[in-house]
Amino acid sequence: MKYQTKYRFLLAACCLLLSSLTCSAQSDIPPPQSMQKESPLQKKRPTFTVGGSFGFQFGSYNSINVMPQGGVYATNWLVVLATGQYSYMWNRVYFNSHVWGVGAALEPIIKKKIIIHTGYEFEQIKFKWLDGSPQQIENFHFLVVGGGYKQYMSQRVYFQALILFNIPLTQPSIQNYYNNYYPYFRIGIGVDI
C-alpha cells in the first residue's frame, strides 16, 4: 500500500509537470493581431513631414533664400510638399530685390537616399534698380526640377541637400533677369511626424 501511494504521488507529480510544460508551450503562440502591441523597434511609416531649407546661388545673379515646408507622405516613396519662401537676390551692377513665394512639389525617392524634386513655384519679386530707375514689382511662375540626397540622422529627423534648376513658365519682362539658369542649392532639415 505504501508503494501504491508513492506511485500515485509520482504519477500525479508527472501529470502536473507535463501539464505545466504544455501550458508554457502554448503561451509561445502569438496572440491575435488585434491584441498585439507594436514593437517600439518597428519603424512605422510617417504621415507628415515639416521642416525647412536654406538655399543659395552665386554667379551673375546671387541669392540667399529661406524656405519653410510641410508635406504628406502619399506612399513610402513619395512626399507631396507645400512650401513658402523669402529670398534676397542681387547683382552688383544691376539690381537688388526681395522675393516672396509659395509652391508645391513632389519628391519621389528613387533609390534609398536619392530623391528627385519637381515642383511649381510662384514668386513676387520687388526690384530696386541700381541705376536710379523706378522700383519694379513682377510675378514669376517657375517649374523647379533637380535631385538630391536625403539622410536620416535619427528615426524621424533627416538632412536633405538638393541641386535645383528654375525653368520659367512665363517670360520675364525684366531685361536680363534669369537669362542664365545656374543651378542653385537647398540644404534643409526636416522631421517626420
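**Exercise 1. How much area does the protein expose, and what share of it do carbon and sulfur atoms supply?**

Solution. The structure is a predicted model. Its exposed area comes to about 12,700 Å². Carbon and sulfur atoms supply 65% of that area.

**Exercise 2. Describe the order of the secondary structure elements and the share of buried residues.**

Solution. Step one: count the elements, which gives one helix and eight strands. Step two: read them from the N terminus, where the order is α-β-β-β-β-β-β-β-β. Step three: turn to burial; of the 193 residues, 31% are buried. Step four: consider contacts with a separation of 6 or more; residues 24 or more positions apart account for 54% of them.

**Exercise 3. Locate the largest nonpolar core and identify the elements that build it.**

Solution. Step one: the largest nonpolar core has 14 residues, and those touching the most other members are F95, I125, F127, F140, V144 and L164. Step two: two or more residues each come from β4 (95-111), β5 (114-129), β6 (136-152) and β7 (157-168). Step three: β5 gives the largest share, four residues. Step four: check for a separate core; a second one has five residues, among them Y73, V79, A105 and Y158. As background, nonpolar side chains in soluble globular proteins tend to be buried together.

**Exercise 4. Is H117 buried or exposed, and which side chain does the side chain of H117 join through a polar contact?**

Solution. Step one: place the residue; H117 lies in strand β5. Step two: compare its relative accessible area, 4%, with the cut-off for burial, under 20%. H117 is therefore buried. Step three: look for a polar partner; the side chains of H117 and E107 are joined by a polar contact of 2.8 Å. Step four: list the residues touched, leaving out those up to four places away in sequence. H117 then touches A105, L106, E107, V144, V145, G146, G147, L162, L164 and R186. Of these, V144 and L164 also appear among the residues that touch the most other members of the largest core, and A105 is included in the second core.

**Exercise 5. Which residues make the nonpolar surface patch, and how is V72 classed by accessibility?**

Solution. Step one: the patch is made by F48, V50, V72, V191 and I193, with an area of about 400 Å². Step two: V72 belongs to strand β2 (residues 62-75). Step three: the relative accessibility of V72 is 38%, so V72 counts as partly exposed. The class applies because partly exposed covers values between the buried limit of under 20% and the exposed limit of over 50%.

Notes: Residues are numbered from 1 along each chain as its sequence is written. This is a predicted model: local features need pLDDT of at least 70, side-chain atom pairs count only at pLDDT 80 or more; totals for chains, interfaces and linings use all residues. Side-chain values use heavy atoms; hydrogens and water are left out. A nonpolar core is a set of buried Ala, Val, Leu, Ile, Met, Phe, Trp, Tyr and Cys residues joined through side-chain atoms within 4.5 Å. Buried means under 20% relative accessible area, exposed over 50%, partly exposed in between (1.4 Å probe, protein chains only). Patches are made of residues with over 30% relative accessible area and no salt bridge: like charges are joined within 9 Å, nonpolar side chains (Val, Leu, Ile, Met, Phe, Trp, Tyr) within 5 Å. Accessible areas come from the Shrake-Rupley method with a 1.4 Å probe; for residues, only the protein chains shown count as cover. A salt bridge is a side-chain nitrogen of Lys or Arg within 4 Å of a carboxyl oxygen of Asp or Glu. Contact means heavy atoms within 4.5 Å. A polar contact is a pair of N or O atoms within 3.5 Å; within protein, one must be able to donate a hydrogen and the other to accept it, and residues adjacent in sequence count only if both atoms are side-chain atoms.
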